[in-house]
Amino acid sequence: MAKTQLKSDAIMDMMKEHLSSDAGKEVTEKIGLVYQINIAPKKLGFEEVTYIVDLKKGEVTKGKYEGGKVDATFSFKDDDFVKVATGKMNPQIAFIRGAMKIKGSLSAAQKFTPDIFPKPSKL
């Protein structure tokens, strides 16, 4: 499998730092869910990179979740994930347009808001 550099990788690195900050700890306490985010370079379902955003522990890791079952799984193309993470696209609009696919708990998915991402000034 070809290793592709995703624009999303940098955002995930910033998210790791964000979740270790005071603002990130507040998000972790408020949400307390585990999300799996699959990011595809060009087409959903192909060469996806999997990230786990654990808002129980306040961690972001690459790869499959080892702690049981995730609360919700999101699938994005790289460019669409960047738009959602930077606030250029609303997650609900992304879902309606088919830019984001969701599996799992819909109530957990609704808590996936721009608040979990670092503010655009940090991006």
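Here are some short exercises on this predicted model, each followed by a worked solution.

**Exercise 1. Find out how strand 1 is placed: which of its residues are buried, and which strands pair with it?**

Step 1. Start with burial. Strand 1 covers residues 34–40, and seven of its seven residues are buried.

Step 2. Look at the two sides of the strand. Val34, Gln36, Asn38 and Ala40 point one way. Tyr35, Ile37 and Ile39 point the other way, and these residues are buried as well.

Step 3. Draw the conclusion. Because seven of seven residues are buried, strand 1 is largely enclosed by the rest of the structure.

Step 4. Add the partners. Strand 2, residues 49–54, pairs with strand 1 in the antiparallel sense over six bridges, and one such link joins Val34 to its bridge partner Asp54. Strand 4, residues 72–77, pairs with strand 1 in the parallel sense, over six bridges. In that pairing, Asn38 stands opposite Ser75.

**Exercise 2. Decide whether Ser75 is buried or exposed, and list what it touches.**

Step 1. Locate the residue: Ser75 sits in strand 4.

Step 2. Apply the cut-off. Buried means under 20% relative accessible area. Ser75 has 14% relative accessibility, so it counts as buried.

Step 3. List the contacts. Leaving aside residues up to four places away in sequence, Ser75 touches Asn38, Leu44, Glu48, Ala99, Met100 and Lys101.

**Exercise 3. Work out how the buried residues of helix 2 are arranged around its axis.**

Step 1. Collect the buried residues of helix 2: Gly24, Val27, Thr28 and Ile31.

Step 2. Check their directions. They cover an arc of only 100° around the axis, so they lie on the same side of helix 2.

Step 3. Turn to the face directed away from that buried side. There you find the exposed residues Asp22, Glu26, Glu29 and Lys30.

Step 4. See what the buried residues of helix 2 pack against: helix 1 and strand 1.

Step 5. Move past the end of the helix. Gly32 follows helix 2 and has a positive phi, near 60°.

**Exercise 4. Describe the largest nonpolar core: how many residues does it have, and which elements supply at least two of them?**

Step 1. Take the size: the largest nonpolar core has 32 residues.

Step 2. Name the residues with the most contacts inside this core. They are Met12, Tyr35, Val53, Phe81 and Phe112.

Step 3. Go through the elements. Helix 1, helix 2, helix 3 and helix 5 each supply at least two residues of this core, and so do strand 1, strand 2 and strand 4.

Step 4. Zoom in on Phe81. Not counting residues up to four places away in sequence, Phe81 touches Ser8, Ile11, Met12, Ile37, Ile39, Phe76 and Phe117.

Step 5. Look at helix 1, residues 7–20. Its buried residues include Ile11, Met12 and Met15. What covers the buried residues of helix 1 includes helix 2, strand 1, strand 2, strand 3 and helix 3.

**Exercise 5. Find the salt bridges and say which parts of the chain the Lys7 pair ties together.**

Step 1. Count them: there are three salt bridges.

Step 2. Take Lys7 and Asp79, whose side chains meet at 2.4 Å, N to O. Lys7 lies in helix 1 and Asp79 in helix 3, so the pair ties together parts that are 72 residues apart in sequence.

Step 3. Take Lys16 and Asp13, with closest N and O atoms 3.9 Å apart. They are three residues apart in helix 1, separated by about one helical turn.

Step 4. Take Asp80 and Lys83, which meet at 4.0 Å, N to O. Both lie in helix 3, three residues apart. Asp80 is buried, with a relative accessible area of 10%, whereas Lys83 counts as partly exposed at 37% relative accessibility.

**Exercise 6. Describe the backbone and the exposure of Glu47.**

Step 1. Place the residue: Glu47 is in the loop between strand 1 and strand 2.

Step 2. Read its backbone angle. Glu47 is not a glycine, yet its phi is positive, about 55°.

Step 3. Check exposure: with a relative accessible area of 42%, Glu47 is partly exposed.

Notes:
Residues are numbered from 1 along each chain as its sequence is written. This is a predicted model: local features need pLDDT of at least 70, side-chain atom pairs count only at pLDDT 80 or more; totals for chains, interfaces and linings use all residues. Side-chain values use heavy atoms; hydrogens and water are left out. Buried means under 20% relative accessible area, exposed over 50%, partly exposed in between (1.4 Å probe, protein chains only). Helices (H or I, at least four residues) and strands (E, at least two) are DSSP runs, numbered from the N terminus. Two strands pair if DSSP finds at least two bridges between them. Contact means heavy atoms within 4.5 Å. The arc is that of the directions from the helix axis to the C-beta atoms. A nonpolar core is a set of buried Ala, Val, Leu, Ile, Met, Phe, Trp, Tyr and Cys residues joined through side-chain atoms within 4.5 Å.
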